[in-house]
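The following account leads the reader through a protein model with its bound partners. The surface facing the nucleic acid is taken up at the outset, and the fold and the metal site come afterwards.

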Number of protein chains: 2
Amino acid sequence: MTFSLTSPFRKTFSNSLREKGLRPTKQRECVYGIILDKRDHPTADDIYYRVKKYLPGTSFATVYNCLETLVGCGLVRQVNMDRSPTRYCPNLTPHAHFKCNKTGRIYDIQIDEDTLSRMNALVPQGFEAENIDLSFSGTGNALEN
Amino acid sequence: MTFSLTSPFRKTFSNSLREKGLRPTKQRECVYGIILDKRDHPTADDIYYRVKKYLPGTSFATVYNCLETLVGCGLVRQVNMDRSPTRYCPNLTPHAHFKCNKTGRIYDIQIDEDTLSRMNALVPQGFEAENIDLSFSGTGNALEN
DNA sequence: AGTTATAAATGGAATTATTCTAATTATTAA
DNA sequence: TTAATAATTAGAATAATTCCATTTATAACT
Ligand SMILES: [Mn+2]
Ligand SMILES: [Mn+2]
Ligand SMILES: [Zn+2]
Ligand SMILES: [Zn+2]
């Protein structure tokens, strides 16, 4: 059994890929579905093992390939904290990340427009920022989930 | 010839180490001096080759050991952007980093108190942030240096 | 100064996340 | 269908960093 996206997500998925002349394969759909399904910022490794439950033949290289493709299409975002393995996030709104050093869990933190524009205003003249990255680490309650 | 710190820095250096019962070795002094000397956010690799000019017998492991020690003493900070090699920064004031995707150079960007406290205010109740990390990437003029 | 205890430095091997390569398989369009 | 092309696969390669066992340096104490 393959991992099937629900209608609205499947539409976004195949449109985004086809716009770039890429093919909506079952591996790509599965990887995307898994990232959407449990928004816990999984690593490639995490994703690999989850994908295997649906498509047992999937290789590690494929997971990395799919992730690169999905990032390239703007469907998911990479999250890097320190030197730990890259994590993947389907939340496309402007948001920061909080990593709890006790549990290792990563939480989304919304950024309001005001604070966001203040952060952007830090960038001096002559510089053009294409990307902002804000992350916190410390300890956080794990009440949610 | 060993890399010698100027008096005020040497004082900070040996005090910070001795506070933790650590020894101010010539390798540690050299690594610290190199990071202070050219504030270009060098990688361990960069630092290794610069150190070798002063202390040719230095090993890679030692550079990593010294860096870990200096970070532990709060004399330098690690800067991580994406998955690229860790860089080292002697600027201990609250500041963000801007990476130019064309040149690879990393620039310090000061953060004013106001913006800083707004960023801190994003952290929800129940979470205690020990660290903030703000980084930008894009294109920047390389006029300085 | 000389001895001893401990910390640090060293070279090389090991680890680990990620990327690359060459061969096979799937998808699409004609 | 067939042919062209793109994607997947297994495994090798890469690269930053860490680990390990040994040697050397440092500092405290005679
Ligand atoms: Mn895992
Ligand atoms: Mn270099
Ligand atoms: Zn997120
Ligand atoms: Zn800096």
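In this predicted model, 19 residues surround DNA strand D, and the closest are Thr25(A), Arg28(A), Thr62(A), Tyr64(B) and Thr86(B). Of the atoms of DNA strand D that come within 4 Å of the protein, sugar and phosphate account for 75%.

Several individual contacts to the phosphates can be located in chain A. The side chain of Thr25(A) places an N or O atom 2.7 Å from a phosphate oxygen of DNA strand D. For Thr62(A), a polar side-chain atom lies 2.4 Å from a phosphate oxygen of this strand. Ser59(A) contributes through its backbone, where an N or O atom lies 3.3 Å from a phosphate oxygen of DNA strand D.

The surface near DNA strand D can also be described by element and by residue class. Helix H2 (26-37) and helix H4 (60-72) of chain A, as well as helix H4 (60-72) of chain B, each supply at least two of its residues. The largest share, 3 residues, comes from H4(A). Sorted by class, this surface has 8 polar, 6 nonpolar and 5 charged residues.

Chain A as a whole provides the setting for these helices. Its secondary structure consists of 5 helices and 5 strands, which run α-α-α-α-β-β-β-β-α-β from the N terminus on. The C-alpha trace of chain A spans about 50 × 40 × 30 Å along its principal axes. Of the 145 residues in chain A, 45% are buried.

Strands of both chains enter an open sheet of 6 strands with mixed pairing, in the order S4(A)-S3(A)-S5(A)-S5(B)-S3(B)-S4(B). The edges are formed by strand S4 (106-110) of chain A and strand S4 (106-110) of chain B, each of which pairs on one side only. From one strand to the next, the twist averages 30°.

Within this sheet, strand S3 of chain A, residues 95-100, merits a closer look. Because 6 of its 6 residues are buried, S3(A) is largely enclosed by the rest of the structure. Both of its faces are covered: His95(A), His97(A) and Lys99(A) are buried on one side, and Ala96(A), Phe98(A) and Cys100(A) on the other.

The pairing of S3(A) differs in sense between its two partners. With S4(A), the pairing is antiparallel over 5 bridges, and the hairpin of these two strands has 5 residues between them, with Gly104(A) taking a positive phi near 80°. With strand S5 of chain A, residues 127-140, S3(A) pairs in the parallel sense over 4 bridges. Lys99(A) can be followed in both directions, since its bridge partner in S4(A) is Ile106(A), while in S5(A) it stands opposite Ser137(A). In chain B, strand S3 (residues 95-100) and strand S5 (residues 127-140) likewise pair in the parallel sense over 4 bridges, and Lys99(B) stands opposite Ser137(B) in S5(B).

The metal site remains. Which residues coordinate the manganese ion (ligand 1)? Asp45(A) and Asp46(A) do so through OD atoms, at 2.6 to 2.8 Å. Asp45(A) counts as partly exposed because its relative accessibility is 38%. Asp46(A), at 27% relative accessibility, also counts as partly exposed.

Definitions and conventions. Residues are numbered from 1 along each chain as its sequence is written. Chains are lettered from A and ligands numbered from 1 in the order in which they are written. This is a predicted model: local features need pLDDT of at least 70, side-chain atom pairs count only at pLDDT 80 or more; totals for chains, interfaces and linings use all residues. Side-chain values use heavy atoms; hydrogens and water are left out. Donors are N, O and S atoms within 2.8 Å of the metal (3.2 Å for Na, K and Ca); water is not among the atoms, so sites may look incomplete. Buried means under 20% relative accessible area, exposed over 50%, partly exposed in between (1.4 Å probe, protein chains only). A residue is near a molecule or strand if one of its heavy atoms lies within 4 Å of it. A polar contact is a pair of N or O atoms within 3.5 Å; within protein, one must be able to donate a hydrogen and the other to accept it, and residues adjacent in sequence count only if both atoms are side-chain atoms. Ala, Val, Leu, Ile, Met, Phe, Trp, Tyr, Cys and Pro count as nonpolar, Asp, Glu, Lys and Arg as charged, and the others, Gly among them, as polar. Two strands pair if DSSP finds at least two bridges between them. Axes are lines fitted to C-alpha atoms, for helices over the stretch in contact, and angles run from 0 to 180 degrees between N-to-C directions.
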